[in-house]
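Notebook open, structure loaded. I want to go through charge pairs, cysteines, the ligand site and a few odd backbone spots.

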Amino acid sequence: MIETVGIIGSGTMGSGIAQVAATAGCRVCIYDANPDALRKAEDSLEKILNRLIEKGRIDADEKARITGNMNYVNTLDSLADSKLVIEAIVEDLEIKKVLFQDLQKIVSKKTIIASNTSSLSIASIASALDNPKRCIGIHFFNPAPLMRLVEVVPAVQTSKKTLKITIDTITSWGKTVAVTKDTPGFIVNRVARPFYGESLRIFEEGIADFATIDWSMKSLGGFRMGPFELMDFIGNDINYTVTETVFEAFYYDPRYKPSFTQKRLSEAGYLGRKSGKGYYNYKEGAVNPKPNEDVGLAQKIFDRVLVMLINEAADALFWNIASAEDIDNAMTKGVNYPKGLLAWADEKGNDWCVRKLDALYDEYREDRYRCSPLLRRMNKEQNTFF
Ligand code: NAI
C-alpha cells in the first residue's frame, strides 16, 4: 500500500486531493511554486476541518490526525520519499513536462507519477519521462473531498502494474474509480457535453429561455441544477474552454460544437456566479425571469437533451472508452446525475432513443444528430445495456 504521497500544486484541486489522501492515512507532502498558495491551502484546510467538527462529522483527534499527516513544503526535493506523486499545477503541457523531468530525478525509480489534467493527453505528459510506464492520469472532480468519482487514465505507455496500484490506492481512499481511455474529455467531460450544448442550441433556436430550460431539466429529469445554472456555477469561461478543447480534439466533430451565446457571455465578462452575472443575475435584489411551466414544452426540451446525452454515453461505450458500468458511475458520482445514462436508455427503451435521434436528424440534417451505431444495433437485437 502507498503510504507517502506527494502533491504538486496547492490550488483548488491539489489542496482537495491532499485532504483526501491525508484523511485516508497517507503521509502527504504538498508543494507549490507560490508560497502564498501553500499558506492559503493550509488555512483553508484548517477552516474545512473546523467546520466538520462544528457539524459533528469529525472530532478534534481526527482533525489532529489529518493535519498531522500534512506537510507543506517549499521545495520539490522534499517529495523525494513519495511513492505516488499527483501533479495539479497549471493546465499547460510544456510546464507539466518540465516539472515531470525535474521530478523524475528526485523520486525513486518506482514512484508513480500522475497528472490530474482535465484536457491534456496522458500520453503526451508521460512522454517527458525516461520511464513513461510509471505515468498515469488520476482525474479528481471538484471539490475533491466531496465528489466520489475519480477517473483513472492509463496512457499507451502505462504499465499494468502502475494501473493496478493506482486503482487499489484510489479505491482505498474511499473513491469510486472509473477507468477510461486516454481520449479527449475522458468520460465525464465528453459525455456531459450535450447537457450544455443541446440546451444552448434549444435557447438559440428560440424554443425556450434559460429559466424554462433549467426548469424542464430539473422538474422532469431530476437534475439538481439546470444546465444554465450549472454553467454559471462552473464559470462560462471555463465551461466554454472545455467545450472548445473537446471540439478541437475530436477534429471538429459537430456534436461538440461550441455556442456563440456562451462565447459572447464569456467575452463580455458575464462569467456566472463568480462575476455576479451570467445567464442569470446574482447581484443582491436582482429579479430573474420565471420559467414558462408548460409541461408539454418542458417534455420536448427534456427529451431532446436526454436523448443527446444517452447517445453520447452509448457512443463512448461503442468506442470502448470505458465499461457501461464505469460510464454510468462516472455521471452519477462525478457530476451527480440523477441516473446513469445507459440505465436511463434501458428505462426509456432503445427504440425510443433511436426514434428520437432519427427525428432530430431528419429535421436538421446535421451530423450532430447521428445515432450511435451501438444504439441502433442494440435496438435491432432488442438488447439492453444492463
Ligand atoms: P489552481 O490555479 O487552483 O492551482 C494551481 C496551482 O499550481 C497554483 O497554486 C500555482 O501556484 C501552482 N503552480 C503552477 N505552476 C507550478 C509549478 N511549475 N510548480 C509548482 N506549482 C505550480 O488550478 P486547479 O483548478 O487546482 O487545477 C490544477 C489542475 O487540475 C489542472 O491541470 C486542471 O486542469 C486540473 N483540474 C481542475 C479541475 C477544477 O475544477 N478546477 C477539475 C479537475 C482537474
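I started with Asp367, which comes out partly exposed at a relative accessible area of 38%. Its partner is Arg370, and the closest N and O atoms of this salt bridge are 3.4 Å apart. Arg370 is partly exposed too, at 24% relative accessibility. Note to self: this is a predicted model, and every value I write down here is computed from it.

**Other charge pairs**

How many salt bridges are there by this rule? I get a count of 26.

I looked up Glu91 next. Glu91 pairs with Lys96 in a salt bridge, with 3.4 Å between the closest N and O atoms. The two ends sit in unlike surroundings: Glu91 is partly exposed at 37% relative accessibility, whereas Lys96 is buried at 1%. I'll meet both names again at the ligand.

Then I went to Arg190 and Glu312. Their side chains form a salt bridge at 3.9 Å, N to O. Which helices does this pair tie together? Arg190 belongs to helix α7 (residues 188-191) and Glu312 to helix α13 (residues 295-318), so the salt bridge links parts that are 122 residues apart in sequence. Both Arg190 and Glu312 are buried.

There is also a network to jot down. Salt bridges link Glu198, Arg201, Glu205, Arg304, Glu366 and Arg368.

**A lysine without a salt bridge**

I checked Lys175, in the loop between α6 (160-172) and β8 (176-179). Side chains of opposite charge can pair when their charged atoms come close. How far from Lys175 is the nearest side chain of opposite charge? The nearest one, Glu62, is 13 Å away, and Lys175 has no salt bridge although it is buried. I did find a polar partner for the Lys175 side chain: one of its polar atoms lies 2.8 Å from the backbone oxygen of Met147.

**Cysteines**

I looked for disulfides and the count is zero. Why does Cys135 have no bond to Cys26? The Cys26 sulfur is the closest cysteine sulfur to that of Cys135, but at 19 Å it is too far for a bond. Cys135 is buried, with a relative accessible area of 0%. Cys353 is in no disulfide either, and its nearest cysteine sulfur, in Cys371, is 8.1 Å away. Cys353 is also buried, at 0% relative accessible area.

**Ligand site**

Which residues are closest to the ligand? There are 22 residues around the ligand, and the closest are Thr12, Met13, Asp32, Glu91 and Lys96. So the Glu91–Lys96 salt bridge I noted above has both its residues on that closest list.

I wrote down three backbone contacts. A backbone N or O atom of Thr12 is 3.0 Å from a ligand oxygen. A polar backbone atom of Met13 comes to 2.8 Å from an oxygen atom of the ligand. At Ala33, a polar backbone atom is 3.2 Å from a ligand nitrogen. As for cover, the ligand has 830 Å² of accessible area on its own, and the protein covers 72% of it.

**Two threonines**

Thr162 sits in helix α6. Is Thr162 buried or exposed? I have it as buried, with a relative accessible area of 6%. Its side chain reaches the backbone oxygen of Lys133 at 2.8 Å.

Thr67 is in helix α3 (residues 60-68). Thr67 is partly exposed, at a relative accessible area of 29%. I also took its distance to Val28: 9.7 Å from C-alpha to C-alpha, with the two positions 39 residues apart in sequence numbering.

**Backbone oddities**

I went hunting for a cis bond and found the peptide bond from Asn142 to Pro143, with omega near 0°. Pro143 is in the loop between β6 (135-140) and β7 (149-154).

Where is Tyr252 found? Tyr252 is in the loop between α11 (236-249) and α12 (260-268). Its phi is near 65°, a positive value in a residue other than glycine. Tyr252 is exposed, with a relative accessible area of 51%.

Asn336 also has a positive phi, near 55°. I placed Asn336 in the loop between α14 (324-334) and α15 (341-348). Asn336 counts as partly exposed, at 29% relative accessibility.

Conventions:
Residues are numbered from 1 along each chain as its sequence is written. This is a predicted model: local features need pLDDT of at least 70, side-chain atom pairs count only at pLDDT 80 or more; totals for chains, interfaces and linings use all residues. Side-chain values use heavy atoms; hydrogens and water are left out. A salt bridge is a side-chain nitrogen of Lys or Arg within 4 Å of a carboxyl oxygen of Asp or Glu. Buried means under 20% relative accessible area, exposed over 50%, partly exposed in between (1.4 Å probe, protein chains only). Helices (H or I, at least four residues) and strands (E, at least two) are DSSP runs, numbered from the N terminus. A disulfide is a pair of cysteine sulfur atoms within 2.5 Å. A residue is near a molecule or strand if one of its heavy atoms lies within 4 Å of it. A polar contact is a pair of N or O atoms within 3.5 Å; within protein, one must be able to donate a hydrogen and the other to accept it, and residues adjacent in sequence count only if both atoms are side-chain atoms. Accessible areas come from the Shrake-Rupley method with a 1.4 Å probe; for residues, only the protein chains shown count as cover. Lys and Arg count as positive and Asp and Glu as negative; His and the chain ends are not counted.
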